[in-house]
Amino acid sequence: LVASFAVTWRLWADFGGRIVGSNPGDASLVAWFLRNSATAISHGRLPALVTTGLNAPQGINLMWNASMLLPGLILAPVTLLAGPWASLTVLLTVGFAGSAASLFWVLRRWGASLAAAGLGGAVYGFSPALVTSSIGHFQLQFAVLPPLLIHFLLRILAGRGSAVWAGLWLGLLAAAQVYIGEELLADTALTAVIMVAVLALNRPRATAAAVRTRAAAMLAGLGVAVAAAAVTCGYALWKQFKGPLSEHGSPWAVATFHSYPYGFVTPSGGLLFHTSASAATAAAYPEPTPEYLAYLGWPLLIVAVVAAITCWPDLRARLAAVTFAVLELFCMGGGPVQLPGLRIPAGLLPW
């Protein structure tokens, strides 16, 4: 919390009177969504999933937008008392601290020491990706639930505790993430698939034995998860894909949104440690500033590689290392990538 206040103190200095910089369009839109939810609550109802309050007279489908319905409902009292900018300040502060605390809790449950879990939580909760997302992409910055989703899925598959209870938590958290931001849920689902595949390839005999002996429990846990999610967000998803103003196809050109290799090691001017040269290079990034999300930096990359090599016999370290490498490869997909003396064709980079 102290670190989170240190990052957001300029907003707290004028609570409800300041807006995050660099991306006022997205921030203003999310503020409207929070005000819309609070207004609905003040009239004793839930916010409509389709509204003509924007883009009149046609309206918009809130499920196809970053409407953050769940945070809007929870923060409705703050919005009504102090305005949507105050709610966004609270949301950002909880997003940083909550994301760090979430991964800390999960790492502790999987055997990490107090210091290691604290360091891991801090690196995740205050990562450059979340700091960059905080200037307008609030649905990405509030990354509290992904570690918990992975945690409960692995509990079901690894046979830790009650599969039914883990499935219930998994389903409810997945539904909650739908109402926070579906994009992050899709990213988490992709990560989960990669992790499960890596686990199965690393322990094929153990995986086969687990499927034979715990298949019923696994299916029960996953079934409960699907049922819980269907009950809590099934109607909203139906409204999104079958209701009015539903979208079809992709609004993005496939070759447009992807990371570039220099983005991993070139700090932007929005980060505490940078140079004028690195800030200028980052500012020339082909995408808008909120899309500059891949930066990790040479020190962290070197630590990650050394840790992966020295801790390779530990399945947990091996799982993290391989999943990390695959995800970084995926984030460069969508178009050809030019490296010094090498051009990687788009076909080798899954989007």
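A residue counts as buried under 20% relative accessible area, as exposed over 50%, and as partly exposed in between. At 34% relative accessibility, Leu-300 is therefore partly exposed. The model discussed here is predicted.

**Surface patch**

Leu-300 is located in helix H14. Together with Leu-119, Val-123 and Val-303, Leu-300 makes a nonpolar surface patch of about 340 Å². Two helices, H6 (114-125) and H14 (298-310), each supply at least two residues of this nonpolar patch.

**Pocket and cavity**

The second largest pocket has a volume of about 350 Å³. It is lined by 16 residues, and those closest to its centre are Leu-153, Leu-170, Ala-174, Leu-185 and Ala-189. Helices H9 (145-158), H10 (163-178), H11 (182-202) and H12 (204-242) are the elements that give two or more residues to this lining. The greatest contribution to the lining of the second largest pocket is that of H11, with six residues. In character, the lining of this pocket comprises 14 nonpolar residues, two polar residues and no charged residues.

The structure also holds one cavity of 30 Å³ or more. The largest cavity encloses about 40 Å³ of space. Its lining is formed by Leu-11, Arg-18, Ile-19, Val-20, Trp-85, Leu-88, Thr-89, Leu-92 and Phe-138. Helix H5 (residues 84-109) provides the largest share of the lining of the largest cavity, four residues. The residues of that lining divide into seven nonpolar, one polar and one charged.

**Salt bridge**

Side chains of opposite charge can pair when their charged atoms come close. The count of salt bridges in this model comes to one. Its partners are Asp-314 and Arg-316, whose closest N and O atoms are 2.8 Å apart. Because the partly exposed class runs between 20% and 50% relative accessible area, Asp-314 at 30% falls within it, as does Arg-316 at 46%.

**Backbone features**

Most residues other than glycine have a negative phi, and most peptide bonds are trans. Against that background, two residues and one peptide bond may be noted.

Ser-22 is not a glycine, yet has a positive phi of about 80 degrees. Ser-22 lies in the loop between helix H1 (2-12) and helix H2 (24-42). With a relative accessible area of 68%, Ser-22 is exposed. Leu-245 likewise has a positive phi, near 60 degrees, in a residue other than glycine. The loop between H12 and helix H13 (276-283) contains Leu-245, which is partly exposed at a relative accessible area of 28%.

The peptide bond from Ala-56 to Pro-57 is cis, with omega near 5 degrees. Pro-57 is placed in the loop between strand S1 (50-51) and strand S2 (60-61).

**Accessibility of selected residues**

One further residue, Val-322, belongs to helix H15 (residues 315-331). Its C-alpha atom is separated by 20 Å from that of Leu-148, the two residues being 174 residues apart along the chain. The table sets out accessibility values for Val-322 and other residues.

| Residue | Relative accessible area | Class |
|---|---|---|
| Val-322 | 27% | partly exposed |
| Leu-245 | 28% | partly exposed |
| Asp-314 | 30% | partly exposed |
| Leu-300 | 34% | partly exposed |
| Arg-316 | 46% | partly exposed |
| Ser-22 | 68% | exposed |

How values were computed. Residues numbered from 1 in each chain as written. Predicted model: local features only at pLDDT ≥ 70, side-chain atom pairs only at ≥ 80, totals over all residues. Heavy atoms only, no water. 1 Å grid on protein atoms, 1.4 Å probe; cavity = no way out; pocket = protein on both sides within 12 Å on 5 of 7 lines; lining within 4 Å. Points joined across faces, edges and corners; volume = space filled by probe spheres on them. Nonpolar A, V, L, I, M, F, W, Y, C, P; charged D, E, K, R; others polar. Patch = residues over 30% accessible without salt bridge, like charges linked within 9 Å, V, L, I, M, F, W, Y side chains within 5 Å. Areas by Shrake-Rupley, 256 points an atom, 1.4 Å probe, with all protein chains shown as cover. Salt bridge = Lys/Arg side-chain N within 4 Å of Asp/Glu carboxyl O. Buried < 20%, exposed > 50% of the residue type's maximum accessible area, 1.4 Å probe, protein only.
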